[in-house]
Amino acid sequence: MGRGPANPEIKAKILEYLAKVQKAKSRDVAVAIGEKKSDVDDAVKELTAEDLVEYLYITTTYICLKGKVQTPNE
C-alpha cells in the first residue's frame with residue numbers, strides 16, 4: 001500500500017543537495033540531508049516521475065539531476 005505523496009521539503013532538500021554534487025547514492029543523500037532513506041527513496045521516485053532527477057547505473061545505482069551527468073553510452 002502506498003504511503004501517499006512525498007514530503008515537498010524533502011524533495012527540495014534532495015534537489016538542493018544534488019545541485020552541489022555530480023552524483024550520489026540515495027543512502028548518502030539521506031545522511032547528508034538528515035532524512036530517513038525510505039523517505040528519500042519515495043521523494044526520488046516522485047522527482048524522477050517529474051523528470052527532475054534520473055537514475056544512473058554505473059556498476060551501482062546513483063541519482064543525479066536530470067542531464068547533469070553524461071553516461072558513457074550517450
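**Exercise 1. Arg 3**

Find which residues Arg 3 touches, not counting residues up to four places away in sequence.

Solution. Step 1: beyond that sequence limit, Arg 3 touches Ser 38, Asp 39 and Asp 42; contact means heavy atoms within 4.5 Å. The model is a predicted one, in which local features need pLDDT of at least 70 and side-chain atom pairs count only at pLDDT 80 or more, while totals for chains, interfaces and linings use all residues. Residues are numbered from 1 along each chain as its sequence is written, and side-chain values use heavy atoms, with hydrogens and water left out.

Step 2: Arg 3 and Asp 42 are 39 residues apart along the chain, and their C-alpha atoms are separated by 8.7 Å.

Step 3: Arg 3 belongs to the segment before α1. Helices (H or I, at least four residues) and strands (E, at least two) are DSSP runs, numbered from the N terminus.

Step 4: Arg 3 has a relative accessible area of 52% and is therefore exposed. The classes are buried (under 20% relative accessible area), exposed (over 50%) and partly exposed (in between), with a 1.4 Å probe and protein chains only.

**Exercise 2. Two residues of α1**

State whether Leu 15 is exposed or partly exposed, and name its contacts outside the four nearest places in sequence. Then treat Ala 19 in the same way.

Solution. Step 1: Leu 15 is in helix α1. With a relative accessible area of 27%, Leu 15 is partly exposed.

Step 2: leaving out residues up to four places away, Leu 15 touches Leu 47, Leu 52, Val 53 and Leu 65. Between the C-alpha atoms of Leu 15 and Glu 50 there are 12 Å, with their positions 35 residues apart along the chain.

Step 3: Ala 19 also lies in helix α1. Its relative accessible area is 48%, so Ala 19 is partly exposed.

Step 4: apart from neighbours within four places in sequence, Ala 19 is in contact with Leu 65 and Lys 68.

**Exercise 3. The nonpolar core**

How many residues does the largest nonpolar core have, and which have the most contacts inside it?

Solution. Step 1: a nonpolar core is a set of buried Ala, Val, Leu, Ile, Met, Phe, Trp, Tyr and Cys residues joined through side-chain atoms within 4.5 Å.

Step 2: the largest such core has 14 residues, and Ile 14, Leu 18, Val 29 and Val 40 have the most contacts inside it. At least two residues of this core come from each of α1 (8-20), α2 and α3. α3 gives the largest share, four residues.

Step 3: Val 40 contacts Ile 10, Ile 14, Ser 26, Val 29, Ala 30, Ile 33 and Glu 35, leaving aside neighbours within four places in sequence.

Step 4: as background, nonpolar side chains tend to be buried together in soluble globular proteins. Val 31, in helix α2, is exposed, because its relative accessible area is 68%.

**Exercise 4. The largest pocket**

Which residues line the largest pocket, and how do they divide into nonpolar, polar and charged?

Solution. Step 1: on a 1 Å grid over the protein atoms alone, a pocket is an open set of points where a 1.4 Å probe fits, with protein on both sides within 12 Å along at least five of seven lines; lining residues have an atom within 4 Å of a point.

Step 2: the lining consists of Ala 24, Lys 25, Ser 26, Arg 27, Lys 37, Asp 41, Val 44, Lys 45, Tyr 55, Thr 61, Tyr 62 and Ile 63.

Step 3: five of these residues are nonpolar, two polar and five charged. Here Ala, Val, Leu, Ile, Met, Phe, Trp, Tyr, Cys and Pro count as nonpolar, Asp, Glu, Lys and Arg as charged, and the others, Gly among them, as polar.

Step 4: α2 (26-33), α3 (37-49) and β2 (60-65) each supply at least two lining residues, and α3 has the largest share, four residues.

Step 5: the space in this pocket is about 150 Å³.

**Exercise 5. An aromatic pair**

Which residues form the aromatic pair, and what are its distance and angle?

Solution. Step 1: rings of Phe, Tyr and Trp (its six-membered ring) pair if their centres lie within 6.5 Å; planes under 30 degrees apart count as stacked, over 60 as edge-to-face and the rest as tilted. By this rule there is one aromatic pair.

Step 2: Tyr 55 and Tyr 57 form the pair, which is stacked, with 6.4 Å centre to centre and 20° between the planes.

Step 3: Tyr 55 is partly exposed at 31% relative accessible area, whereas Tyr 57 is exposed at 64%.

**Exercise 6. Positive phi**

Where is Asp 51 found, and where is Thr 59?

Solution. Step 1: Asp 51 is in the loop between α3 and β1 (53-58). Its phi is near 65°, a positive value in a residue other than glycine.

Step 2: Thr 59 is in the loop between β1 and β2. Its phi is also positive, about 60°, although Thr 59 is not a glycine.

Step 3: Asp 51 is partly exposed at 46% relative accessibility, while Thr 59 is exposed at 88%.

How values were computed: Grid points are joined across faces, edges and corners, and a volume is the space filled by probe spheres set on the points.
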